[in-house]
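Please open the structure in your viewer and keep the sequence at hand. This tour proposes a series of selections and describes what is found at each stop.

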Amino acid sequence: MVVVLIISVLAMLAVPTFGRIKRKAKTSVIVNDFRVFAGAFEAYQQETGAWPPEAAAGVFPPLMANRINQTQWSRVTPMGGKYNWEYNQIHFGTRYTAAVAIAAAAGAPLTLDVPQLTDLEHAIDGANINWLGGNFHIGSGLNPLFIVQP
């Protein structure tokens with residue numbers, strides 16, 4: 001009976017820790033994707049002098065064919081939704097020249113996960129939470145938004 005109680009207590013302590021570890025792993029994948037995609041878009045802009053045109057969530061920007069892995073771009077992200085290239089878009093009254101967002105798409109709903117968003121904010125912009133400053137923002141529709149160029 002005591003053994004069962006001890007195992008139950010250990011399991012009860014391990015479940016939240018496992019959840020945090022899983023969330024941090026998802027954060028790492030998303031942060032890496034944001035940075036890889038942003039670097040590819042910046043290189044395209046430096047080489048051509050222009051940004052690729054806007055593309056919908058989950059739609060691969062055709063001009064990025066030799067720069068970004070299409071499968072990686074088009075898959076459902078670890079937090080749901082799909083990646084979305086945003087060119088010259090307005091979020092909460094501020095126009096951004098270039099950004100990579102995560103947005104809901106057909107077959108890929110995006111759930112609002114505040115701890116996940118907080119982890120992303122910390123990983124990208126540091127310890128100070130500022131949803132409208134730095135490179136990580138919360139965009140219109142409460143979508144995660146990585147600013148490539150303000």
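In this predicted model, begin by selecting the four strands of the open sheet, which are ordered E1-E2-E4-E3 and pair in antiparallel fashion. Strands E1 (82-91) and E3 (136-138) stand at the edges with a single partner strand each, so one side of each is left without a neighbour in the sheet. On average, neighbouring strands are turned by 35 degrees against each other, direction ignored.

Next, select E2 (residues 94-103) and E4 (residues 144-149), which are joined by four bridges. Here Ala 101 is found opposite Leu 145 of E4.

Now add helix H3 (residues 114-125), which packs on the sheet and touches E3 and E4. The direction of H3 makes about 150 degrees with that of E3.

Within H3, select Asp 119, which is buried, with a relative accessible area of 9%. Which residues are linked with Asp 119 in a network of salt bridges? They are Arg 23 and Lys 24. The salt bridge from Arg 23 to Asp 119 spans 2.6 Å, N to O. Arg 23 lies in helix H1 (residues 2-48) and Asp 119 in H3, so this pair ties together parts that are 96 residues apart in sequence. For Lys 24 and Asp 119, the N to O distance is 3.7 Å.

Finally, select Asp 33 and Arg 75, whose salt bridge has its closest N and O atoms 2.4 Å apart. Asp 33 belongs to helix H1, whereas Arg 75 lies in the loop between helix H2 (70-74) and E1. Asp 33 is buried, at 1% relative accessible area, while Arg 75 is partly exposed, at 27%.

Note on methods. Residues are numbered from 1 along each chain as its sequence is written. This is a predicted model: local features need pLDDT of at least 70, side-chain atom pairs count only at pLDDT 80 or more; totals for chains, interfaces and linings use all residues. Side-chain values use heavy atoms; hydrogens and water are left out. Two strands pair if DSSP finds at least two bridges between them. Helices (H or I, at least four residues) and strands (E, at least two) are DSSP runs, numbered from the N terminus. Axes are lines fitted to C-alpha atoms, for helices over the stretch in contact, and angles run from 0 to 180 degrees between N-to-C directions. Contact means heavy atoms within 4.5 Å. A salt bridge is a side-chain nitrogen of Lys or Arg within 4 Å of a carboxyl oxygen of Asp or Glu. Buried means under 20% relative accessible area, exposed over 50%, partly exposed in between (1.4 Å probe, protein chains only).
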